[in-house]
Each structure stands twice: as structure tokens, then as C-alpha cells.
Amino acid sequence: MPYSNFYCRFLMIAGCLFFSGCAHRSSPQVIHTPKKETRQQMFVIKNVNVIPMTLGDEIIVDANVLITNERITSINGSIPPGATIIDGKGKWLIPGLIDMHVHVPTDIHFGSRYITQGATIFFDTQDIMTLYIANRVTTIFDLNSKAEHFGQRNEIGKGKVIRPRMALAALINGGSGPGRIVNTDYDGRQAVRSAKAEGYDCIKLYSQLNIETFKAIVDEARKQGMKTVGHIPDAFQGKLEQAFVPNFDLVAHAEEFSKQTTEYSDEDAKRFAKLMKDNGTWLSPTLITMVDILSQSRSLDELRTSPTLQYVHPLLQSKWLTANNYNKNTSAYRVAHFEKMVAFHNRLVRACKAAGVPIVAGTDTGVSGVVAGFALHDEIELLVAAGLTPKEAITSATRLSATWLGIDSLTGTVEAGKFADLILLDANPLSDVKNLRRISGIFVNGRWVNRFTIDTMLADLSKRNTAAEDDYDWKKMTGSK
């Protein structure tokens, strides 16, 4: 994506948390784990209409769904005594949503620092995750992960945060600058091996990689059992077909193709779709990103008056409104260019659907104007506007995303034995995808959060963000102009 320089800097230098190591011992290591509750927590969603999002996708009418601790125990089994009953009459149950492209904020320090200094700007993990939970997002895929993201995931694992599950990808780029920078095939392979050893789940490929290094990274990731996702490097301009090598698994933006054409035609869209289909490569279009960028290139009025801006951390609000590179020095040419891209991205989605290219839903949350959680609903609705059916668009944010991540045996559908990551809706989303916004409550890893609790969490977050607005000025804190 055409991230602003400041946003790239924000992502790259947000690495200031410290982790303490354990001294070497000759005796066997003793691992202490928290004691788990011995009492089972049981819930029954009674008389609910289940949309399982399985391949058959037959709706189960007036079902009783039993949840024991973090798992779905049965559908239409017996109701055990002592179970908490949730009235599902007239409501609809679907799997929790998955956002396949996010950038989660982490603690950060701007400017110079002394050797023992850590972060000076802190983000509360619950505040970050509240936006996902409030919007029924139960799994997220961070595409520029660092050590502090493991810390966030550990907070989640300890049960300190009501949260989505997190998959983490290590970003590898070429050229020069901060982060994992590699410019030879040898260094590229070593970067993959290091990321694997550090515990990352996947590799994200970025735009400045040269062709030789890109191919080495993709190949080494295959050897290490890691999937790859990301950009099509600029080095493939005019020779796009060379980028589609085995184990290039997911293109992270429709924009990666719109920058490969000057015609923005249906023929180009079909050609690009064929390249993906033949290589087994999936697509995450991130339509909402370019739609928001187009809006900001015209004016910041829509962003400034957005009802979701109040939930964004004040530092990011300040950045988006005062140092917005999409709006800065904008022109009629830039607006027209973005308009062509938005229209072409819709053509590409239609071409991928026709060609049978699997599409997953991602948002590129963190880009100016793209608000965590809320943006996934925007993305799903844009996928429908681009030609997917509501069922196909919801599948892109549930079963298909779980399949790509390799966790489809655990989540992505409503089936006995899977995690209780579930959404209870007041209306059928298959008849109108906007009904995904009509929430009654959500199960997150077996924990029930009702609509009142969600609204209370959002109101509290908005209040605290508003109170702290004067404490955060992006330009002053970063020294930018």
C-alpha cells in the first residue's frame, strides 16, 4: 500500500518493549502454568438459526448450541443442568469474523533515546482489541509483527484481555532502512530462518525486494513450512508473471495489480486472475483501503466527521488529521488516479470470482482512516458491491480465511469441537450483508459478551480518548512538519 512516510516509520520503529531472559541452569527447567478452573462453564444458545458456513452451508433452524468452556460441544444435543441459557429465538448464529490484514499498534518511542530507555508512548492492549471484539472480529492476522506483538498475544493467552486470536507475520523488505532488510538470496533465506526461529507464523514480502531475493525468500519459506503473503515487488514491473512462483500464497492488495496496468481493463483483470489461479495464489483485495484513501485525497471532511474516529487512539487521530500524506498537496490528477484504481479493483474481484481464485477479507487496518474492526464490515459490504454474494463475502471472512491460516479445524465454521468464536445476530446476514452489524452478542473463545457490555466498552473508550486529545500532537511528538 502507499503508506505515508510517517506511517511506515510508525510501523517500523514501534519496537521498544524489553523482555528479560532466564539464567542458565543445570537442573531441569520447571514450567509453572496458571491453574485452570475445574468447574465447567456451560452456555446454551437456545432455538437459534445456525448458519454454519460449512461447504454444505445448510441452515439449522431452531437449534440448541451447547458451549462448554472454549469449545462448541454439540448442536441439538441434550441440555445439561446448570447451563446458562441464552435466548436465540429469531436470531442467527455465525462464526466469528477473521481480518486477514491488520497492523496492531504497539508501544513506541520517537526520537533519540538512551541505552536503557524503553517506550514512552503506550497503547492499552484491551483498548486495541475492544474495537475488534465490538465488531465481531475473533481472529486477526498482523502483517508487520514484532516482539511486542508476542507480548500482546501472551496477554491474551493469560486471559487478561477480551480479545481476538492473533496470527503474526514477519515483514522482509529490500533496499535500505529499518526492519528486516535483505538484498541477496543468501540474506533472504537467513531472514526467513531467523523469523521461523523467533516464532513467526508467516512471511510478509514487501515492495523493495529485488527479484532474486524475493524468489529465495519464497522458496526458503516453503522449506521452513511457512506461508508467504504480501506485495508484488516493484522489480516485477512489466514482468509480472515472474512473481508467481510456488509458495507465493496470498497477494495482500488488489493495488498490487492496479500498479501493473495503465489500461485498468477487464482484460487485464482477467489476465491477473489467471496468473493467481494457475499458481494457486489467493487474493485479499483490501478494497476499503483504497476507498478511504480516495476519500482523503478529495477532502478530510469525511474522515473528520466519521462516527468511528472517536474510538481511535488520539495519537493516530492526530496523525490522520494533521499529517495525512494522501491529502497533502493533493490534485485533481491524484484523485482521478485513485478513482481508476477503485474501479479496477472491483473488476479484479469479479475476474477472480469468475476464475475461481479464493478471496479472503482483509482491511489493512492502521492505514489512515481504516479503523480496526469497523473496517472489516466495510470490506465485506464492498466485496458484495463488487460482485460477491453475501454468502461468498461472509465466507471470505470466516471459513476461507481460517483455511488459508491452517486453523480451519479449530475455527471458521459453526461445528461441534471447534472454538466457540461465534456471533449472535438479530437478523439474517445472508439476506442482507449489512445485518452483520446487527449484533446481539458475541462469544470470544467461549466467553459471552452481550451487546450492552460491548456498547459500554465502546462508550468508555470514546470518553477516555476524547479526554486525552490534547495530550497527543503527532507533529510535535515526531518533529515532523
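User: Hi! Before we get going, what counts as an aromatic pair here?
Analyst: Hello! Rings of Phe, Tyr and Trp (its six-membered ring) pair if their centres lie within 6.5 Å. Bear in mind that this is a predicted model.

User: Thanks. How many aromatic pairs does the structure hold?
Analyst: There are 13 aromatic pairs in the structure. One of them is formed by F150 and Y200, with an edge-to-face arrangement: 4.9 Å centre to centre and 70 degrees between the planes.

User: Where do F150 and Y200 sit along the chain?
Analyst: They belong to distant parts of the chain, 50 residues apart. F150 is in helix α3, while Y200 is in the loop between α4 and β10 (202-205). Both F150 and Y200 are buried.

User: Any other pair you'd point me to?
Analyst: Try F244 and F248, a tilted pair with 5.7 Å centre to centre and 45 degrees between the planes.

User: And are F244 and F248 buried or exposed?
Analyst: Buried means under 20% relative accessible area. F244 has 10%, so F244 is buried. F248 is at 1% relative accessibility and therefore counts as buried too. Ring pairs also link both into a cluster with F214, F236, F257, Y264, F272 and F344.

User: Which residues have the most contacts inside the largest nonpolar core?
Analyst: M129, I203, F214, I232, F244, F257 and L348 have the most contacts within that core, which has 110 residues. Helix α11 (residues 332-355) gives the most to this core, namely nine residues.

User: Let's pick M129. What does M129 touch?
Analyst: Not counting residues up to four places away in sequence, M129 touches V104, I140, I156, V161, I162, R163, P164 and M166.

User: I156 is in α3, right? Which residues of that helix are buried?
Analyst: In helix α3 (residues 147-157), the buried residues are E148, H149, F150, G151, Q152 and I156. Their cover includes α2 (125-134), β7 (137-142), β8 (165-173) and α4 (185-198). Just after α3, G159 takes a positive phi of about 80 degrees.

User: You mentioned β7. Why is β7 described as largely enclosed?
Analyst: Because six of the six residues of β7 are buried, the strand is largely enclosed by the rest of the structure.

User: What are the pairing partners of β7?
Analyst: Strand β6 (residues 97-102) pairs with β7 in the parallel sense over four bridges, and I98 has T139 of β7 as its bridge partner. Going from β6 to β7, the chain passes through α2 in a right-handed β-α-β crossover. Strand β8 also runs parallel to β7, joined by four bridges. In that pairing, T139 is the bridge partner of R165 in β8.

User: An arginine in a strand there! Is R165 buried or exposed?
Analyst: R165 counts as buried, because its relative accessibility is 17%, and the cut-off for buried is under 20%.

User: What does the charged end of R165 sit over?
Analyst: The ring of F419, 3.7 Å from its centre. Leaving aside neighbours within four places in sequence, R165 is in contact with T138, T139, I140, F419, D421 and N445.

User: Is there another example of a charge over a ring?
Analyst: Yes, K227 lies over the face of W404, at 4.6 Å from the ring centre.

User: Back to N445 from that contact list. What phi does N445 take?
Analyst: N445 has a positive phi near 55 degrees, in the hairpin of β15 and β16, which has two residues between the strands. Four bridges join strand β15 (residues 439-444) to strand β16 (residues 447-450), and the two run antiparallel. Within this pairing, G441 has N450 in β16 as its bridge partner.

User: Where else do residues other than glycine take a positive phi?
Analyst: N47 is one example, with phi near 60 degrees, and N47 is found in strand β1 (residues 42-50). T286 is another, with a positive phi of about 45 degrees, in the loop between β13 (282-283) and α8 (287-298).

User: Last one: how accessible are N47 and T286?
Analyst: N47 has a relative accessible area of 27%, so N47 is partly exposed. T286 is at 2% relative accessibility and therefore counts as buried.

Methods:
Residues are numbered from 1 along each chain as its sequence is written. This is a predicted model: local features need pLDDT of at least 70, side-chain atom pairs count only at pLDDT 80 or more; totals for chains, interfaces and linings use all residues. Side-chain values use heavy atoms; hydrogens and water are left out. Buried means under 20% relative accessible area, exposed over 50%, partly exposed in between (1.4 Å probe, protein chains only). Contact means heavy atoms within 4.5 Å. Rings of Phe, Tyr and Trp (its six-membered ring) pair if their centres lie within 6.5 Å; planes under 30 degrees apart count as stacked, over 60 as edge-to-face and the rest as tilted. A charge sits over a ring if NZ of Lys or CZ of Arg is within 6 Å of the ring centre and within 35 degrees of the ring normal. Two strands pair if DSSP finds at least two bridges between them. A nonpolar core is a set of buried Ala, Val, Leu, Ile, Met, Phe, Trp, Tyr and Cys residues joined through side-chain atoms within 4.5 Å. A crossover is right-handed if, with the strands pointing away from the viewer, the path from the first strand over the helix to the second runs clockwise.
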